[in-house]
Amino acid sequence: MTLAIVLAAEPAAGRLTERLAAQWRRAGAADVRVAADLTELADLVADATGPVLVSGADLVAHTAVLKHLATSPVGPTVALVLTDPPAPGQATVREERGQVVEVGAADPSGVFGGALRVGAADLPALAEAARRAAGGGPLGAVDRLVADLAARGTLIFAQRVRLLVAHRVGDEAQRAAAESAVAAVDEDRAELKLSVKERDDFFTTFFVSTWSPYVTKAAARIGIGPTGVTMVSVAFAVAAAVLFGTGGRPALVAGAVLLYLGFVLDCVDGQLARYTRHFSAWGGWLDTMADRFKEYVVYAGLGFGATHAGFRYGWALALAAMTLQTVRHMTDTWYGALHDEAARRPKVVSADAGGIGGKLNAASTRVQADTGSVSYWLKRTVVFPIGERWALIAIAAALFGPLVALVAVLVWGTLAFAYTGGLRTLRARWMRVPVLTTVDAGLHRDDGLLARTLPTARRPLLLAVLGALGAAGTLVWALLAVHGGGDLPVWVPVLALVLLLGAAQGSRAPHDGSLDWLVPAALRAAEYLFAIAVGVAGRAPAWLIFGYVLVLTLLHYDLTARLEKRQVAPPLHAATLGWPGRSLLLPIGLIAGYASYALATLGAYLLVVFVASVVLAWVVLPARARGGVRSPG
C-alpha cells in the first residue's frame, strides 16, 4: 500500500494542503495523511510497509507530475527536481546521470521540487532523517528532510518536469500565477508527448517518434497493454526473419517493411507504458529480453538466407554478428554501472580534470548538452544504436540481400565497438572507480560452482583476456583445420580450456582495477568463441552452433537485466553450471566424437532451465508472495 504524506509545516500550508491531498489520491496513493511537522511524519513513516510519497504544502503542479513521481521506474527513491530559481528555504540539488548526487550544492543543476517518493527499503533512513531534521534550520521542513536523507548516502534519483507545470509558491500571487500556468496546459496531450523519450537516436527520433505516439494513443484507447504490443513486435520480427531466409526480392522487401514496423512497435511498448504509467519489473525484463531475441532471430534469418543463396559462411556471419553485439551490450551495461558509481563520487571524478580522460569527459558533456547539433547527432549515430542497426538491416537486405546486410552490420558494429571501447577505456582510467566491488561480481560474471572451487588469482582482467585470446585462437585453428579437410588436434581445445579455467581463477579476486568493468564482456567473448570452435571442430551443423550460443545469450541478458535493476539471482541460476562448467563439458563431447550431441543436449538443458527459471521468477514466486499459492508441506 502506498502512503502519501502532505507536510503542512509551513505558515502558508493551509491553502494547498487539501488540494495536494486530493491530487495524491488521484495519482494512486491508497492512503493520504497530513503531518503537522517532521516528528509526526516520522511516526507515520515508522508504521508504513510500502513506498511513501512526501510533499510540502507549497507545491502547485499538474496531477500528472505527482503521478509520474509516484510511478517512476528509474529507482525506488525519487525526488522532484525543478529548474526554477531557488527561493529562500529551498534546497538546491546537483544531478548527474539522473541521480541526485548533492543537496545544497554550490553549483546546482536544479532546485528540489518539494516532493519525493521513498522506497520501502529506505523508509528507516527517511524516519531517522525526519527526526534529525525536526530540530529546524535555514531550510524549509521538506527541504531539510531531503537534505538529511541524501547526507545518509541514500541513492536518490531525479524526476524532471517537462511540458507539464510544477512550481513551489510562497505567497498568494505566486500561487495564482502557478495555477494559471497549470490550467493553460492540456495535460493529456502533454503526457502523450512525454511518452516519447526526451533523447533518442537519430533514426528513432526522425523516422519513428514523429508518428508512433498516434499508435500509442490508439493502443491505449482499445486497451492493449505494453506486453501485448511487445508480443506483436516479436511476431513481426520473426516474420521478417522468415522472409529474409526465404530470399527473393519481394520477400526481402516485405521483410524489411515488417522489420521497420516491428521496430516502431518496439518503441510503442515503452511509450505506452509511460503514457498509461503501467510499469512493472516483468515488463522491463520482458522488453529487454524481447529486444535481443528479435534482433538475433533476424540474424538467424539473414544467415540462413545468405547460405541458401550460395554463400558458404552465412551462418558464420550471423554468429559473428550475434557474438559481437552481445559483447558490445555487456560493455555498455558495465560501463553504465561504472559511470553511475562515478557520478555518486564527484570528488574522485574531478581528481584529474586536466588528464586526457577528464578532457574527453568534458568534451562529451558539451556535445551531449548541445542537442540538435551535427556533433550531437553524429555522436549518437556513430555508436550504432538499435534503431540504426535495424534500419541498416532493412535497407541493405531489401536492396542487396542478406549477405550484404550481415557484412554491413559487422563492419559498422566493429567500428562502433572500437570507437566506444577506446574512449571508454581512457575515461574509465580517469574515473578510477572499482565498480565491480559494488555488485555481486561472481553472479554477474556467471562464474558458477567450478570457478568458486578453483584457487584465487589476481588480475581478473588479464586472465579474462588470456581466456578470450585462447578461445579465439582455438576458433581460428578449428576453421583452418576444417577448411583444409583435417581434424583439430586434441591438445588445441585442451590448451584453450586451460586458459579459460585460468580466467576463472580471478572470480574471487578483488575487482578494484580501473578496467575490471571489461571482465564480464571478455568472459562472454571467451565462452562464445570457445563453443563455436568446439562446434566447428566437431563439424556440428552451423544452425545448431547458432542455437546454442543464442541460448547462452538469453542466460546472460537475464543477468544483465537483473544487474540494471539490482535484482537477485534467477531462481535456478546455479543449475546453469556457470561458464567454466559449460566450457568444460563441451570439449569432452568433442574428444569423444560427439560434439553435435554435446551442443544439442547442453543447449536443450540450458533452455529448459531458463524457461523454468522464468516461470518461477515471474509466476510462481510472486503468486506465493501474494498468498495465491501455498508453499509445499
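In which sense, parallel or antiparallel, do β1 and strand β3 (residues 52-56) pair, and over how many bridges? In this predicted model, the two strands pair in the parallel sense, over five bridges. L3 of β1 has V52 as its bridge partner in β3.

Strand β1 also pairs with strand β2 (residues 31-35). The sense is again parallel, with five bridges between β1 and β2. Here the bridge partner of L7 is A35 of β2.

The burial of β1 was examined next. The strand spans residues 3-7, and five of its five residues are buried, so β1 is largely enclosed by the rest of the structure. Its residues point two ways. L3, I5 and L7 point one way from β1. A4 and V6 point the other way. Residues on both sides are buried. L3 and L7 thus appear twice in this account: both are buried, L3 is bridged to V52 in β3, and L7 is bridged to A35 in β2.

The surface was considered separately. A nonpolar patch there is formed by L462, V465, L466, L469, W477, W491, L495 and L499. Together these residues have about 740 Å² of accessible area. Two elements, α21 (460-483) and α22 (491-504), each give two or more residues to the nonpolar patch. Helix α21 gives the most, with five residues.

V465 illustrates the patch at the level of one residue. V465 is found in helix α21 and belongs to the nonpolar patch. Its relative accessibility is 35%, so V465 counts as partly exposed; the partly exposed class lies between under 20% (buried) and over 50% (exposed).

Technical notes
Residues are numbered from 1 along each chain as its sequence is written. This is a predicted model: local features need pLDDT of at least 70, side-chain atom pairs count only at pLDDT 80 or more; totals for chains, interfaces and linings use all residues. Side-chain values use heavy atoms; hydrogens and water are left out. Patches are made of residues with over 30% relative accessible area and no salt bridge: like charges are joined within 9 Å, nonpolar side chains (Val, Leu, Ile, Met, Phe, Trp, Tyr) within 5 Å. Accessible areas come from the Shrake-Rupley method with a 1.4 Å probe; for residues, only the protein chains shown count as cover. A salt bridge is a side-chain nitrogen of Lys or Arg within 4 Å of a carboxyl oxygen of Asp or Glu. Helices (H or I, at least four residues) and strands (E, at least two) are DSSP runs, numbered from the N terminus. Buried means under 20% relative accessible area, exposed over 50%, partly exposed in between (1.4 Å probe, protein chains only). Two strands pair if DSSP finds at least two bridges between them.
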